[in-house]
Amino acid sequence: MFRLLFFLPCLLLLQCKPQAEAPEAPVEPQTEVTSTAEAESSDPTQSVVRITATRQRWNPGQPWEKQAPRKRRSLGAIVDGPRVITTAEMVADATFIELETTDGLRRANATVEAVDYEANLALLKVIEQEAGDFFEELKPLKIAEVPGPGDVLEILQVEDNGNSITTRGPIQSVDVVSNFLPAHFFLTYEVKASMQSAASSFTLPVLFDGALAGLLTSYNSKDQLSDVSSTEILQQFLEDAADGEYEGFPSLGISTSSTEDSNFRAYLQLPDEVGGIYISKVRKGGSADKAGIKTNDVITAIDSLPIDRLGYFEHDIYGRLFWSHLVRGSKAIGESANLEILREGEPLTVEVPLERLEVDDQLVPSYAFGIAPNYLIKGGLLFQELSQPLLEAFGEEWRSRAPLNLLDAWENPTAYEDDFDRIVFLSGVIATPATVGYEPLRNMIVSEVNGTPIRNMSSLVSAFDNPPADGLHSIRFKDEEILIYLDEVTSTAVDSELMQRGISRLHRADN
């Protein structure tokens, strides 16, 4: 019997930004319970539906199988179409989605029409053959006028008996934050409101003057603060998805840091009266890279709006906001942003046509929801492509626990992109007759098999499909003084036995 040994590396793309302070809003939160017996014209339950999503993730340690299914429930808002809007987090890795009217009388299966995991938004549609009269007597919500700090929003809940609970609270502050995927920041309202635990739900619609203003993405019961996706982001998402060809939000493709330090400013030749945000990384093939933006450039203004030393600008409604909103939230793909920069002390203005950074183009994909992971088992050696779902298995302390070579591939992708399309590494070893002595090996990046450079999982599978004349596969690893061999006859026999013991397939290289 074979002994299964798996090791789970972990990695996560994260970009930090300073937090802005905002004054307390003067309005106190209030909660109101509305009975279904009240006038239908004022009943918000006519514009929402319950969503139940069955989610099933792939097992990071055994990528040929999925983990046990789990369910999530939320309250989605009906918009024109009719469609139902919810968070992307709600439908991530969903294998089945069911909608139910709040009175419990009608149900229908749904599919995802558009999803943006970075902005944390998803649009659902009822399966055509099941649509029937599901939306009969239900009323789509209009999109609200853009609220501002101090405006009162209404967070909507619906109890199991159909009664609605409306919690009113003011927008205490507005900031550009990450509410689902790290390193992806979008305009968010922070609402002061004391929520009831009854009719709890994963996410909830939020109204402003009876129209849809956003979706609740998180609630801190201790501080009684709710994060709500902003009306502007919601509206841009729906407009983009309206033609059935969702493109997403653009990005410059840069990493930045502040210019507060006086010595650093002197090195950058920044005058005292100039703010500016330092560009520490430029992603190859991104919008900024294509426009000629370089590492060590300093952005002093975007579309004539000055950027301060911390990376903030003055918004005419919200006050101080982080610079990224001028691209991800204020612009659409195909538009341009005018960047005023200092390069070695010399001022330049660069027009940057904006594109979306596709996750498929990343050396180490930052997410892979609903996508089966690529892998190969050969004789008991388990090879995988480095990705965020794999790397997150290290938990919250991944930065100190992840192998340094894998961290380096994540932190410095440009150093690897000439030789790799994906990072393929030996993630674990199953103790078999073909792997005797190799059990301790893991977390080594594969560079070559049988003399063939390994750029991705497909090239690895092809290399093993063509064994040398002596029947010994040779495997080299990047930056490692080690060469291992795998006997073709023995490893093939092991593969057959592994299949008999429940491994459904020996490799996947489709993605």
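**Group meeting: helix α10, strand β2 and Phe185**

Okay, let's start right at the beginning of α10, where a side-chain oxygen of Asp487 comes to within 3.1 Å of the backbone nitrogen of Val489. Keep in mind that this is a predicted model, so everything I quote is computed from predicted coordinates.

Now the helix itself. α10 covers residues 488–500. Does its length work out, and what should we expect? With 13 residues at 1.5 Å a residue, α10 should span 18 Å, and its end C-alpha atoms sit 19 Å apart, which agrees.

Next, which residues of α10 are buried? Those are Glu488, Ser491, Val494, Asp495 and Leu498. They take up an arc of only 125° around the axis, so they lie on the same side of α10. And what do the buried residues of α10 pack against? There you'll find β22 (375–378), α9 (457–464), β27 (472–477) and β28 (483–487). If you rotate the view to the face turned away from that buried side, you get the exposed residues Val489 and Gln500. So Val489 turns up twice: its backbone nitrogen is the one Asp487 reaches, and Val489 is exposed.

One more thing on this helix: just after α10 ends, Gly502 has a positive phi, about 115°.

Okay, over to β2, residues 48–55. Buried or exposed? Mostly covered: 8 of its 8 residues are buried. If you look at which way they point, Val48, Arg50, Thr52 and Thr54 go one way, while Val49, Ile51, Ala53 and Arg55 go the other, and all of them are buried. Yes, that list does have Arg50 and Arg55 in it.

Which strands does β2 pair with? One is β3, residues 70–79, antiparallel over 8 bridges. To find that pairing on screen, click Thr52, whose bridge partner in β3 is Arg73. Another is β5, residues 94–101, again antiparallel, with 7 bridges joining it to β2. There the pair to click is Val49 and its bridge partner Thr101 in β5.

Last stop, Phe185. Where is it? In the loop between β9 (164–177) and β10 (186–192). Why do we call Phe185 buried? Its relative accessibility is 10%, and buried means under 20%, so it counts. If you want a distance to check in your viewer, try Phe185 to Glu247: they are 62 residues apart along the chain, and their C-alpha atoms are separated by 17 Å.

That's my tour, thanks.

Notes
Residues numbered from 1 in each chain as written. Predicted model: local features only at pLDDT ≥ 70, side-chain atom pairs only at ≥ 80, totals over all residues. Heavy atoms only, no water. Buried < 20%, exposed > 50% of the residue type's maximum accessible area, 1.4 Å probe, protein only. Helix = DSSP H or I, 4+ residues; strand = E, 2+ residues; numbered from the N terminus. Pairing = 2+ DSSP bridges. Expected span 1.5 Å × (residues − 1). Arc of directions from axis to C-beta. Contact = heavy atoms within 4.5 Å. Polar contact = N/O pair within 3.5 Å; in protein donor to acceptor, adjacent residues only side chain to side chain.
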